[in-house]
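Let's take a friendly look at the enclosed spaces inside this protein. The model below is a predicted one, and the tour starts right after it.

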Amino acid sequence: MSDATTESVSSRPPAAALPGGGPGGQTPIPEAPITTTTPAKPVVRPGDRIFSGLATGSGIFIIVLIAAVAAFLVLRAVPALQRDQVNFFTSREFDTTTDVNALRFGVLDLFGVTVTVSLMALVLATPVSLGIAIFLSQYAPRRVAGPLAYVVDLLAAVPSIVYGLWGLLVLAPVLNPVGTWFNDELGFLFLFSRDSGSGVGGTIFLGGVVLAVMILPIITAVTREVFVQTPVSQIEAALALGATRWEVVRTCVLPFGKSGFVSGAMLGLGRALGETIALYIILRTSSSAFGYSLFEGGSTFASKIALGAGEFNNNIVAGAYIAAGLVLFVLTFVINSLARAAVAGKKER
Amino acid sequence: MSTTLDAPVKTETFQPLSGRRRATNAAATVLVSLSVLVALVPLVWVLYTVVSRGLPAITSPTWFTNSLSGLLPSSSGGGSYHAIVGTLLQAAVTAVFSIPVGLFVAIYLVEYAAGSRLAKVTTFMVDILTGIPSIVAALFVYALWITTLGFRRSAFAVSLALVLLMVPVIVRTTEEMLRIVPQDLREAAYALGVPKWKTITKIVLPTALSGIITGIMLALARIMGETAPLLILALYAPFINTDIFAGPMGSLPGLMVDQLGNPTDAGTNRIWGAALTLILIIAVLNVLAKILGRLSSVKR
């Protein structure tokens with residue numbers, strides 16, 4: 001509604017039409033009849049033209065920027081893809097060291113590790129985030145909710161490299177018994193089997209736990225934002241019918257905020273898919289290859305690219321990593337678009 | 001019908017909550033409250049770890065005054081001066097590019113393009129930019145700046161990648177602040193014949209200024225810890241280099257990654273010292289942002 005007012009204000013004839021003012025430069029006519037039927041043409045000042053040009057240009061610049069990201073990644077990925085000796089999408093190899101003109105690289109393993117570790121983080125983080133969002137929006141008194149929300153946001157302020165170090169050096173030894181238990185009790189499932197090594201350091205399991213901590217604040221923030229918008233009338237109606245606090249949450253807040261929760265979770269997933277340095281630190285300590293188990297190592301798209309930074313002196317080899325980065329870009333693009341669409345759909349209703 | 005009406009009515013006014021509903025309610029309360037605790041555990045734990053392990057390093061007399069130039073990996077001593085300078089330099093260069101672009105995009109979205117198709121596309125692209133992984137931003141700059149344009153790896157290239165990560169944050173927060181500037185202020189200015197661009201620069205922006213600065217500081221805090229672009233676009237140097245266009249340059253995340261390969265006590269010390277220094281810088285920015293946010297003159 002505020003937009004409409006801006007429009008009407010700017011389209012009104014400017015003050016130049018008034019006698020005695022404005023840079024219009026008209027000679028004042030003492031007895032000029034006030035014409036309301038034919039509004040004077042708005043005077044566009046050069047300052048206005050420059051400023052609106054800058055503003056619009058910046059908007060267009062953002063669009064061009066995203067297009068350029070896609071274009072340049074494709075441009076640099078193609079030469080490497082042409083030299084790829086194996087199928088880019090179905091190969092589990094990633095060998096860029098031997099012969100520059102006969103590269104062998106595929107993204108299947110990277111895709112598998114990225115998705116596994118991200119989904120594990122999502123599974124761990126979403127219930128907690130949902131709980132926090134419900135607590136902050138429905139249970140906590142306002143005086144507590146504000147600072148608590150800020151504290152949860154602080155989780156996002158810690159740099160991811162610190163999470164990586166903490167995960168590998170501090171959390172991993174503590175999680176070892178948990179990992180061993182899963183391995184002993186549920187090891188017959190492929191997800192929890194372990195062939196080699198011991199401990200959870202350098203495994204997808206540890207990466208998932210650390211990622212869960214990192215994506216927690218974003219899921220919480222988005223979910224909470226939607227939950228606090230639950231119509232008060234609905235909550236009061238439920239209370240008047242004798243609902244308990246939990247029943248209010250279950251019957252009013254959750255149905256209303258479902259889309260917010262879903263989009264928050266997807267934004268978290270997008271973040272997890274692209275997380276680089278924490279997983280780089282954790283996964284590089286493991287030598288075991290990805291075998292669809294949580295207790296093995298491997299590389300995600302992002303950590304593989306970071307690990308390959310040393311090979312970025314050759315444009316063709318770098319192209320192989322850029323091709324992997326392109327897949328990651330498309331992946332996060334799709335996930336983030338879906339997340340935004342979910343929230344936008346809610347707002348329009 | 002009549003029988004029920006005639007019968008003496010004796011209803012219980014209040015039925016006590018059934019046990020099951022009461023138990024469910026209690027269980028939900030406990031679970032929901034517990035989840036907050038679950039989230040606080042890693043935060044406190046991480047901060048405690050960084051502070052307790054980083055203190056020995058940053059309390060050494062040379063930490064803020066010396067670089068690591070000429071030191072063997074295993075020998076103790078030296079400091080993070082070069083890395084602090086590098087991190088601040090890269091952040092400053094990033095800010096110089098990001099702030100104008102971010103501000104103008106937000107001004108465009110709020111003041112000029114309300115509801116137009118271009119505005120919708122721009123908003124969508126800002127969302128996409130928000131979610132872009134830092135490694136992809138780094139790859140883009142590598143593909144454009146280094147392979148296509150032929151420049152060398154430098155701190156400046158890192159800053160270019162960081163611009164991609166900083167702009168959307170500034171746009172988001174500025175947009176939000178501009179939207180809550182009362183419409184009356186703009187209308188009053190227009191009524192007095194003030195040109196639109198002057199209304200924006202002299203009335204709208206100053207009104208929202210503290211909030212905008214808050215957003216900028218939070219964005220700065222975010223990009224300072226980014227490590228992925230450093231790996232691809234710059235080489236780490238253990239000595240002082242203030243030339244952003246040439247040569248390797250130190251930075252706090254770079255120092256941490258570099259010392260990962262140093263298994264000695266001195267290396268571990270430096271890693272946590274750098275982590276604590278980085279978190280301290282981010283904390284200062286956060287606190288400043290919070291104080292400025294308090295002083296915000298825009299009231300809803």
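Sorted by class, the residues around the second largest cavity are 5 nonpolar and 3 polar, with no charged residues. This cavity holds a volume of about 30 Å³. Its lining draws on two chains: F329(A), T332(A), F333(A) and N336(A) from one, and I128(B), G131(B), I132(B) and P133(B) from the other. Which helix gives the most to this lining? That is α11 of chain A, residues 315-348, with 4 residues.

Now for the other space. The largest cavity encloses about 80 Å³. Around it sit T87(B), Q90(B), A91(B), V158(B), L162(B), I223(B), M224(B), E226(B), L230(B), S251(B) and P253(B). Three elements of chain B each give two or more residues to this lining: α3 (81-112), α6 (155-179) and α8 (196-224). Helix α3(B) has the largest share, at 3 residues. By class, the lining of the largest cavity has 7 nonpolar, 3 polar and 1 charged residues. The charged one is E226(B), since Glu counts as charged.

How many cavities of 30 Å³ or more are there? The count comes to 2, and here they are together:

| Cavity | Volume | Lining by class |
|---|---|---|
| Largest cavity | about 80 Å³ | 7 nonpolar, 3 polar, 1 charged |
| Second largest cavity | about 30 Å³ | 5 nonpolar, 3 polar, no charged |

Notes. Residues are numbered from 1 along each chain as its sequence is written. Chains are lettered from A and ligands numbered from 1 in the order in which they are written. This is a predicted model: local features need pLDDT of at least 70, side-chain atom pairs count only at pLDDT 80 or more; totals for chains, interfaces and linings use all residues. Side-chain values use heavy atoms; hydrogens and water are left out. On a 1 Å grid over the protein atoms alone, a cavity is a set of points where a 1.4 Å probe fits but cannot get out, and a pocket is an open set with protein on both sides within 12 Å along at least five of seven lines; lining residues have an atom within 4 Å of a point. Grid points are joined across faces, edges and corners, and a volume is the space filled by probe spheres set on the points.
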